[in-house]
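Please read the briefing below alongside the sequence and the coordinates. It goes topic by topic through side-chain pairings, burial and local surroundings.

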Amino acid sequence: ASGMMDTYSIYMHNELQIMVAKGNPKGIKGIKDLGRDDVKTSMPNPVNEGIMQFYARKVLERHGLWQAISANKECVSCQTTERNWFTAVHHRETPDRIKAGVSDAGIVWKTEVLEALRDGAPIEGIELPANDSLRQEVSYAIGSLTNSPRRAGAEAYLTFLRSAAAQEAYARFGFVKATADELVSRAIP
C-alpha cells in the first residue's frame, strides 16, 4: 500500500498448537478442551499479539469458545475470567505459567513449543488438525524493498530462502516448508 515493495513470495508457514504440562495431566486433546471447567488457560492477548488477532481467535470463535475465554475483554496482562489469563508476551509467559501450575494450557506457535523444549521447559505440544492449526493459512511473506540501496544483497537472500538448504533449516526449527509455487516471486496485488 505504501509502494515500498512490488513483489513478494511466501517463504514458510507456522502452525498453532496447544502447549500443556509434560505428561498432559489434564488430558487435553484439542481446542474444545480449552473450554472445560477444569482447564485454566494462558492465551495471547487480542490487543497486540498477531497470533490471537489473526489466527487463534478465529479458531476459538469457530468452536464457540471466544466469549467463554475472553468474557468480552480485550486487554494485555489481564485476567478475563477465573480460568483465563491474556498474556503480554505469550511465548514467554505461557510456559512459565504452566510450569508454575497457574495455567494448564495455552495456544502458541509450534515453533514456540519447540523452543520451550530446547530451553528445558517441562511442557508438551498438542498437535491440532489442519482446520485448527491453520498451517496453510499462517504464511510468512518476504520481498525486497523497491528502492533498497542494497537490492543485490536482498535478491541474494531471497534466492537463498528459496533453496532446499534454507527450507530445511527452517523446518528443523518447526516451521512448515513453503511449496515451490509459493516460493516464486509474484506481483503485489
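How many salt bridges does the count come to? The count comes to 13 salt bridges, and it should be read with the reminder that this is a predicted model. Besides these, the structure holds eight aromatic pairs, and a search of the whole structure finds one disulfide.

**Salt bridges**

- Asp104 and Lys26 meet through their side chains in a salt bridge, with an N to O distance of 3.9 Å. Because Asp104 lies in the loop between helix 3 and strand 6, and Lys26 in the loop between strand 2 and strand 3 (41-43), the pair ties together parts that are 78 residues apart in sequence.
- The two partners of this bridge fall into separate burial classes: Asp104 is buried, with a relative accessible area of 17%, whereas Lys26, at 31% relative accessibility, counts as partly exposed.
- Glu115 forms a salt bridge with Arg118, and the closest N and O atoms of the two are 2.8 Å apart. Both residues belong to helix 4, where Glu115 and Arg118 are three residues apart, about one turn of the helix.
- In an α-helix there are 3.6 residues a turn, so residues three or four places apart point the same way. Glu115 is partly exposed at 36% relative accessibility, and Arg118 is likewise partly exposed, with a relative accessible area of 42%.
- Glu168 forms a salt bridge with Lys177, for which the closest N and O atoms are 2.1 Å apart. Glu168 is partly exposed, with a relative accessible area of 37%, and Lys177 also counts as partly exposed, at 37% relative accessibility.
- Asp33, Arg36 and Asp38 are joined into one network by salt bridges that share partners.

**Aromatic pairs**

- Among the eight aromatic pairs is that of Trp66 and Phe86, whose ring centres are 6.0 Å apart and whose planes stand at 25 degrees, so the pair is stacked. This pair links distant parts of the chain, since Trp66 is in helix 2 (residues 66-70) and Phe86 is in strand 5 (residues 84-86), 20 residues apart.
- Both of these rings belong to buried residues: Trp66 has a relative accessible area of 4%, and Phe86 counts as buried at 0% relative accessibility.
- The rings of Tyr157 and Phe160 have their centres 6.3 Å apart and their planes at 35 degrees, so the pair is tilted. Tyr157 and Phe160 both lie in helix 6 (residues 151-161), three residues apart, which is about one turn of the helix.
- Tyr157 is partly exposed, with a relative accessible area of 40%, and Phe160 counts as partly exposed too, at 42% relative accessibility.
- One aromatic cluster is formed by Tyr11, Tyr140, Tyr170 and Phe175.

**Helix 4 and its cover**

- The buried residues of helix 4 (residues 110-118) are Lys110, Thr111, Glu112, Val113 and Ala116. What covers these buried residues includes strand 2 (16-21), helix 3 (90-100), strand 6 (105-109) and strand 7 (123-126).
- Gly120 follows helix 4 and has a positive phi, near 85 degrees.

**The surroundings of Thr87**

- Thr87 lies in the loop between strand 5 and helix 3, and this residue is buried, with a relative accessible area of 0%.
- When its neighbours within four places in sequence are left aside, Thr87 is in contact with Ser42, Met43, Pro44, Asn45, Glu49, Val76, Ser77, Glu93 and Thr94.

**The disulfide**

- A disulfide is a covalent bond between the sulfur atoms of two cysteines. Here Cys75 and Cys78 form a disulfide, with their sulfur atoms 1.7 Å apart in the model.
- The link of Cys75 and Cys78 is right-handed, with 70 degrees about the S-S bond, and both Cys75 and Cys78 are buried.

Terms used: Residues numbered from 1 in each chain as written. Predicted model: local features only at pLDDT ≥ 70, side-chain atom pairs only at ≥ 80, totals over all residues. Heavy atoms only, no water. Phe/Tyr/Trp six-rings, centres within 6.5 Å; stacked < 30°, edge-to-face > 60°. Helix = DSSP H or I, 4+ residues; strand = E, 2+ residues; numbered from the N terminus. Buried < 20%, exposed > 50% of the residue type's maximum accessible area, 1.4 Å probe, protein only. Contact = heavy atoms within 4.5 Å. Salt bridge = Lys/Arg side-chain N within 4 Å of Asp/Glu carboxyl O. Disulfide = S-S within 2.5 Å.
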